[in-house]
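Colleague: Please take one part of this model and look at it closely for me, then set that part in the context of the whole chain. I would like the terms explained as you go.

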Amino acid sequence: MTTETTRLLSPEEIAVRAGGEAAFLRLPQPRSMFAERGARLRQRAAGHPMRDYLMFVAELAQAQHETAGSMPALALPDAAAIDAAEAAAAPPVAVNGWRRDPAWIDGLRAMLAALSKRLPAGSPAAAVVERLRDADPAQVDLQADRVLAGIPVGLDVATAPMIAAGLQLYWSTLVDRTAQAHGARAFGRTGAATRCPCCGSAPTASVLRIGGDESGTRYLHCSMCGTQWHYVRIKCAHCESTKGIHYQTLEGTEAAGKPVAMPGGSAARRGPAVKAECCDECGHYLKIVQMDVDAEVEPVADDLATLPLDLLLSEAGKTSAGVNPLIVFGDPGGD
């Protein structure tokens with residue numbers, strides 16, 4: 001008699017196989033992405049200690065949405081630039097290499113005009129919006145460079161989230177239009193697995209998707225252009241190690257791939273919709289938003305709504321591998 005042994009696949013192996021079937025890239029959809037973000041922010045703001053800020057960012061997202069359909073013409077990479085990026089395994093419109101079209105400021109100002117209509121007249125936020133609308137374009141560009149480079153010295157903390165929102169609007173539109181102009185060849189895999197293949201930015205968080213071939217597949221979500229790219233589960237999004245991975249939530253710590261044990265002998269469950277994947281090898285973490293727990297999660301919105309988790313991990317000596325440009329801490333010193 002022949003005995004057949006069946007080996008169970010690990011969660012990582014399942015993710016790898018799923019990644020072979022699911023698309024590597026999910027390109028941004030500027031005309032819907034910001035509206036979805038705003039709706040999730042309003043949902044998360046209810047009863048939240050940061051309600052006022054979450055509602056402000058929700059209005060900012062709505063202004064991005066209203067502007068996305070009327071962005072001005074933008075300079076796009078030509079075929080030679082696409083070929084060069086492919087040969088170098090580099091993002092074609094990298095934030096640290098692509099020269100921003102000056103028209104991005106026109107988009108920013110249109111977004112600010114839409115935002116000002118949604119803010120109470122005479123409010124401090126409305127005053128900051130007006131100050132940014134009237135600012136010299138060269139100074140706005142300088143502030144944008146600091147936002148993109150993560151340089152806190154000399155950063156105007158009050159206007160930085162709005163400048164970041166304008167940059168998100170610009171880069172999501174740029175990626176969308178480049179894909180339309182060049183088709184599937186526009187973007188592909190690059191040499192940096194933990195950076196956006198389109199613009200080279202760091203992720204804000206990752207998302208565990210549901211539905212069809214993508215079910216159970218993990219994607220990193222770009223902090224700037226909103227592209228999502230496939231990344232293996234149970235793998236550090238900073239050092240790429242698969243060792244020492246565990247998950248932290250506001251309810252406690254989970255072992256990799258294990259469900260949360262509920263108190264009182266109740267059945268195990270998958271835990272909260274947002275958790276942090278922590279790496280003991282490098283001391284970094286990245287949040288995961290899980291659509292199988294809450295189908296309405298949105299990486300940028302849910303990252304903002306779970307800042308207490310960041311504080312908890314910071315106190316434990318962990319460093320975030322993610323970036324959320326809509327919340328900025330700066331150093332007013334310097335020029």
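Modeller: A contact here means heavy atoms within 4.5 Å. Among contacts in the chain between residues at least 6 apart in sequence, 67% join residues at least 24 apart. The model is a predicted one, in which local features need pLDDT of at least 70 and side-chain atom pairs count only at pLDDT 80 or more, while totals for chains, interfaces and linings use all residues. Residues are numbered from 1 along each chain as its sequence is written, and side-chain values use heavy atoms, with hydrogens and water left out.

The chain contains 10 helices and nine strands; these are DSSP runs numbered from the N terminus, with helices (H or I) of at least four residues and strands (E) of at least two. Of the 335 residues in the chain, 51% are buried, where buried stands for under 20% relative accessible area, exposed for over 50% and partly exposed for what lies in between, with a 1.4 Å probe and protein chains only.

The part I have chosen is strand E3, which spans residues 218-222 and is mostly covered, since five of its five residues are buried. In a regular strand the side chains alternate between the two faces of the sheet. In E3 both faces are covered, with Arg218, Leu220 and Cys222 buried on one side and Tyr219 and His221 buried on the other.

Strand E3 has a partner in strand E2 (residues 203-208), to which it is joined by five bridges in an antiparallel arrangement; two strands are taken to pair if DSSP finds at least two bridges between them. Within this pairing, Pro203 has Cys222 of E3 as its bridge partner. Strand E4 (residues 228-230) also pairs with E3, again in the antiparallel sense, over three bridges, and here Leu220 is found opposite Trp229 of E4. Strands E3 and E4 make a hairpin with five residues between them, and in the turn Gly226 has a positive phi of about 85°.

For comparison, consider strand E5 (residues 245-249), which is largely enclosed by the rest of the structure because five of its five residues are buried. Ile245, Tyr247 and Thr249 on one face, and His246 and Gln248 on the other, are all buried. Strand E5 runs antiparallel to strand E7 (residues 274-279), and four bridges join the two, with Gln248 of E5 standing opposite Ala276 of E7.

Charged side chains give another view of how parts of the chain are connected. Side chains of opposite charge can pair when their charged atoms come close. A salt bridge is counted when a side-chain nitrogen of Lys or Arg is within 4 Å of a carboxyl oxygen of Asp or Glu, and by this rule there are 19 salt bridges. One of them joins Arg37 to Glu298, with the closest N and O atoms 3.1 Å apart. This pair links distant parts of the chain, 261 residues apart, as Arg37 sits in helix H2 (residues 30-45) and Glu298 in the loop between strand E8 (284-290) and helix H9 (299-305). Arg37 counts as buried because its relative accessibility is 2%, and Glu298 is buried as well, with a relative accessible area of 7%.

A further salt bridge brings together the side chains of Asp303 and Lys287 (3.1 Å, N to O). Asp303 belongs to helix H9 and Lys287 to strand E8, 16 residues apart, and the pair links distant parts of the chain. Asp303 and Lys287 are both buried. Arg40, Arg44, Asp294 and Asp302 are joined into one network by salt bridges that share partners.

Finally, the cysteines: with a disulfide defined as a pair of cysteine sulfur atoms within 2.5 Å, the structure holds zero disulfides. Cys198 is thus in none, and its nearest cysteine sulfur, that of Cys196, lies 4.5 Å away. Cys198 is buried, with a relative accessible area of 0%. Cys278 is likewise in no disulfide, the nearest cysteine sulfur being that of Cys279, 9.0 Å away, and Cys278 is buried at a relative accessible area of 1%.
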